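Trainee: I would be grateful for a close look at one helix pair in this structure, and at how the two helices meet.

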Amino acid sequence: MNSLLKFRKPLSSSFTSLSLQRFSSTLNYAFKEKKEATSFVHPTAIVHPNAVIGQGVSVGPFCTIGSSAKLGNGCRLHPSSHVFGNTELGNHCILMTGAVVGDDIPGRTVIGCNNIVGHHAVVGIKCQDMKYKLGDECFLVIGDNNEIREFTSIHRSSKACDRTVIGDNNLIMGSCHVAHDCKIGNNNIFANTTLLAGHVIVEDYVHTGGATIVHQFCHIGSFSFLGGGSVVSQDVPKYMMVSGDRAELRGLNLEGLRRCGFQVAEIKSLRAAYRKIFMPSDTNSMGFDERLSEVELNEDLGNIPAVCSMLQSIRDSFAENRRGICKFRQWSRS
């Protein structure tokens, strides 16, 4: 009996300890939930009573939140940042000091979760396009996990039937400009003072150097690189590198392809295809379109997905209402 009591005592003690741990964890969780659910609005901030404010939102001094604004859970507005018009911020967005999001004009600005809008950046305001008519609806849609740095400007669309779109996981550095009706994909990096004119399309994993300018209606293919100071006035096909004023093709973005996990065999095939198209051994034998067709029919290159994607990107650049590809010098390999 004594031995049984000796056995049960530590067992009972262990259950008591476990219960206390669970109770303590529950208290900590409840306290954390309460802390996260509590919103803070500084007395000097102006928040319209019709604005929708999520849980755990922090609104700093001298901020303004308009009547149609909607802020998700955990958003933080640093001093003197403002949300105007029909604007929706997803969960855990941060507006740094002086940032302005939205505008009191028809239409809507929608920003996803975990975005950072930098100091004095202006996002979702009226476009700088003469064809925009005051009173027309205009739209901006931004995805998740983007960092928009200081003094950047991103404008809404110029027409009710279109919209400016930015995807996910983009880094837009200081003093960049994304004009009306641009379509930006995912995982792009725009260095300081990159300027995109209206209706520009940028696909995925594109890098730009500082002070890059892209002409309206240009199309920038995935995994391409635009050298610093370039003035891009025509399309840049996938995987390629351009630089200069006006920008010319300078070969494949080899380092970018390696960093993005392209296999050695894929890169080798892309290089072979590029050389056949843009660096022919005899520049007098075939025209550009014939060289392109030759690569498409090549058994060793034409069936490789990366090469097919590059070829299609080149073909698309010559479609109706497109600007053609950037200039290139037909260096002979002879």
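Mentor: Contact here means heavy atoms within 4.5 Å. The model is a predicted one, and the pair to examine is helix α4, residues 288–297, with helix α5, residues 305–316. Their axes come within 11 Å and cross at roughly 155 degrees. Angles over 145 degrees count as roughly antiparallel, so α4 is roughly antiparallel to α5. The crossing in which α4 passes α5 is left-handed.

The residues that form this contact can be named on each side. From α4 come Phe288, Asp289, Leu292, Ser293, Val295 and Glu296; from α5, they are met by Val307, Leu311, Ile314 and Arg315. Taken by character, the residues of the contact of α4 with α5 comprise six nonpolar, one polar and three charged.

For context, another helix may be set beside this pair. An open sheet of 12 strands, with mixed pairing, runs in the order β1-β4-β7-β10-β13-β16-β19-β22-β25-β28-β30-β31. Its edge strands are β1 (40–41) and β31 (248–252), each of which pairs on one side only. Helix α3, residues 264–278, packs on this sheet and touches β30 (240–243) as well as β31. The direction of α3 makes about 145 degrees with that of β31. Elsewhere in the sheet, strand β4 (residues 58–59) pairs with strand β7 (residues 76–77) in the parallel sense over two bridges, and Ser58 stands opposite Arg76 in β7.

Definitions and conventions. Residues are numbered from 1 along each chain as its sequence is written. This is a predicted model: local features need pLDDT of at least 70, side-chain atom pairs count only at pLDDT 80 or more; totals for chains, interfaces and linings use all residues. Side-chain values use heavy atoms; hydrogens and water are left out. Axes are lines fitted to C-alpha atoms, for helices over the stretch in contact, and angles run from 0 to 180 degrees between N-to-C directions. Helices (H or I, at least four residues) and strands (E, at least two) are DSSP runs, numbered from the N terminus. Angles under 35 degrees count as roughly parallel, over 145 as roughly antiparallel, 65 to 115 as roughly perpendicular and the rest as oblique. A crossing is left-handed if the near helix is turned anticlockwise from the far one by less than a right angle, and right-handed if clockwise. Ala, Val, Leu, Ile, Met, Phe, Trp, Tyr, Cys and Pro count as nonpolar, Asp, Glu, Lys and Arg as charged, and the others, Gly among them, as polar. Two strands pair if DSSP finds at least two bridges between them.
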